Amino acid sequence: MKRVWISLTLVLCLLLSACAAPAAEPEGNWDPALKNALGLTPEQRLEDYDYFVKTLKDSYLCLGVHDRENPEDPAAEVFADYRKTILENDSDEAFYSAVYSSLYRLGPYGHLWIIEPEDYRGMLDWCRTEDTTGRERWKELIEASEESYQTLQAYLDALGDEGGGSWSGGEAGENLHTLLLPDAGVAYLKVDSFLTDYDPDYQKEAQAIRDFYDAAGDCTDLIIDLTDNSGGNEGYWQDLLTAPLADEPLSCTNYALLADSENNRPYIDNVFAPSDLHPIAELPELPKLERQGLEAATHFVESTLRVEPAAKRAAFHGRVWLLVGPMVYSASESFSVFCQATGFATLVGSRTGGDGIGALNPVMMRLPNSGILIQYTMMYGLNPDGSSSEEAGTTPDILSPAGEPALVTALRAVQAARG
């Protein structure tokens, strides 16, 4: 039996290494000849940047997280530095670079980032082809920015292939990786992204997971690996990973804070009933709630994740182990929170990246003159002890020793569970 486990560990670890993706690298190449390509006056550039800063302060609750984790580079200094850049450089190039660089220094806490032209085109296509009921504010801002993004795209094209400051995400590969080892009683499923239900591969993956769950019917243990999964569509894990294995409805509830600001209000109206909003003064005492940076928060909501069993249950009935780590974020984090709270799976690995409580897509601000869209998470999720989901993430049920892959830790736990 020991030889089987050594061989199993080797096979799965080789699979893990084969799935690894290269790290992204930022690029940038600004051309002074394009100084006024966006057609903005000095006053308009400054108005846009001041609007950007004010909206973040009024609406986005993760600036405190940034400041605690980056005390040498607080948000106030970031804003002051790039406002000065805009004042001292009479160019659209300097303005766009200032916005982009501000976001880069602030970091992607709470999905904070600029909507770049490539992503914008996908959003515009969503507006035109999908049901946007309940997402009217998203649709309104996206459609209002079409002309602005045509101008921005032309500007970035003129910078050349190296320009624009875009990120390179590496080469695409298979999203699902499966391994069935019936002699060892272990089924292994690795999911690198949670696809949207309108993605061309969604239905194919849905069937592949269903078939895999059924093929694993004689296994005692299922390992689901999210260590390279940074999120996507929550419906993916609810409908494809959880519902086929659920024997009864499963749900968990956490608190999420929000700011009822001018920019957030239309989104709040889209997705919440007035009765959903509770004044921040009524938030229960939570031992690890860090209030610094949350001065703009006005309300909290009870964020509930609920999964109903699938119409037909899959054949697998054993233990479920979920591998997690720092890459686990957003929708993959919400799955981790759900599994730990409901007992659907045992979490194994290292602390997650967080931001999985709130169950709401990032919202946007639209800069009034340039039309550029900036996204951020409106919801500030709290773990049960009051710590920030964004900041603290989720601590697994079984922590991997330093330097040990989560998979190896999980295999040891599987063996221990069998006695």
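Mentor: Let's start with a term: two residues are in contact when they have heavy atoms within 4.5 Å of each other. In the protein chain, take the contacts between residues at least 6 apart in sequence: 80% of them join residues at least 24 apart. Before we go on, note that this is a predicted model, where local features need pLDDT of at least 70, side-chain atom pairs count only at pLDDT 80 or more, and totals for chains, interfaces and linings use all residues. Residues are numbered from 1 along each chain as its sequence is written, and side-chain values use heavy atoms, with hydrogens and water left out.

Trainee: How many helices and strands does the protein chain have?

Mentor: Helices (H or I, at least four residues) and strands (E, at least two) are DSSP runs, numbered from the N terminus. The protein chain has 14 helices and 13 strands.

Trainee: And what percentage of the residues count as buried?

Mentor: A residue is buried under 20% relative accessible area, exposed over 50%, and partly exposed in between, using a 1.4 Å probe and protein chains only. By that test, 50% of the 419 residues of the protein chain are buried.

Trainee: Let's read one helix. Which residues of α9 are buried?

Mentor: First its geometry: the expected span of a helix is 1.5 Å times one less than its number of residues. Helix α9 covers residues 202-215, 14 in number, and reaches 20 Å from its first C-alpha to its last, close to the expected 20 Å. Its buried residues are Tyr202, Glu205, Ala206, Ile209, Arg210, Phe212 and Tyr213. These cover an arc of only 165 degrees around the axis, which puts them on the same side of α9. The arc is that of the directions from the helix axis to the C-beta atoms. On the other side of α9, Gln203 and Lys204 are exposed.

Trainee: What do the buried residues of α9 pack against?

Mentor: Their partners are the strands β2 (176-181), β3 (186-191) and β4 (221-225), together with helix α10 (234-242).

Trainee: Why do the buried residues of α7 line one face of the helix?

Mentor: In α7 (residues 136-144), the buried residues are Arg137, Trp138, Leu141 and Ile142. Viewed down the axis of α7, these residues fall within an arc of 130 degrees, so they line one face of the helix. They pack against α6 (117-129), α8 (146-159), α11 (265-271), β10 (363-366) and β11 (373-376).

Trainee: Now empty space. How many cavities of 30 Å³ or more does the structure hold?

Mentor: Rolling a probe the size of a water molecule over the atoms shows where empty space is left. On a 1 Å grid over the protein atoms alone, a cavity is a set of points where a 1.4 Å probe fits but cannot get out, and lining residues have an atom within 4 Å of a point. Grid points are joined across faces, edges and corners, and a volume is the space filled by probe spheres set on the points. The structure holds two cavities of 30 Å³ or more. About 50 Å³ lies in the largest cavity, whose lining is Cys252, Asn254, Ser303, Leu305, Val337, Gly356, Ile357 and Gly358. Two elements, β5 (250-258) and β7 (299-307), each give two or more residues to that lining.

Trainee: How do the residues of that lining divide by class?

Mentor: Ala, Val, Leu, Ile, Met, Phe, Trp, Tyr, Cys and Pro count as nonpolar, Asp, Glu, Lys and Arg as charged, and the others, Gly among them, as polar. The lining of the largest cavity has four nonpolar, four polar and no charged residues. The second largest cavity, of about 30 Å³, is lined by Leu38, Ser148, Tyr149, Leu152, Ser370, Gly371 and Ile372. That lining has four nonpolar, three polar and no charged residues.

Trainee: What about backbone angles: where does His111 lie?

Mentor: Most residues other than glycine have a negative phi. His111, though not a glycine, has a positive phi of about 60 degrees. It lies in the loop between α5 (92-106) and β1 (113-114), and at 18% relative accessibility His111 counts as buried. Ser330 also has a positive phi of about 60 degrees without being a glycine. Ser330 is found in the loop between β8 (319-324) and α12 (331-342), and is buried at 15% relative accessibility.

Trainee: Which residues does Leu63 touch?

Mentor: Leu63 lies in helix α3 (residues 63-69) and is buried at 11% relative accessibility. Not counting residues up to four places away in sequence, Leu63 touches Leu56, Lys57, Ala75, Phe79 and Leu106.

Conventions: On a 1 Å grid over the protein atoms alone, a cavity is a set of points where a 1.4 Å probe fits but cannot get out, and a pocket is an open set with protein on both sides within 12 Å along at least five of seven lines; lining residues have an atom within 4 Å of a point.
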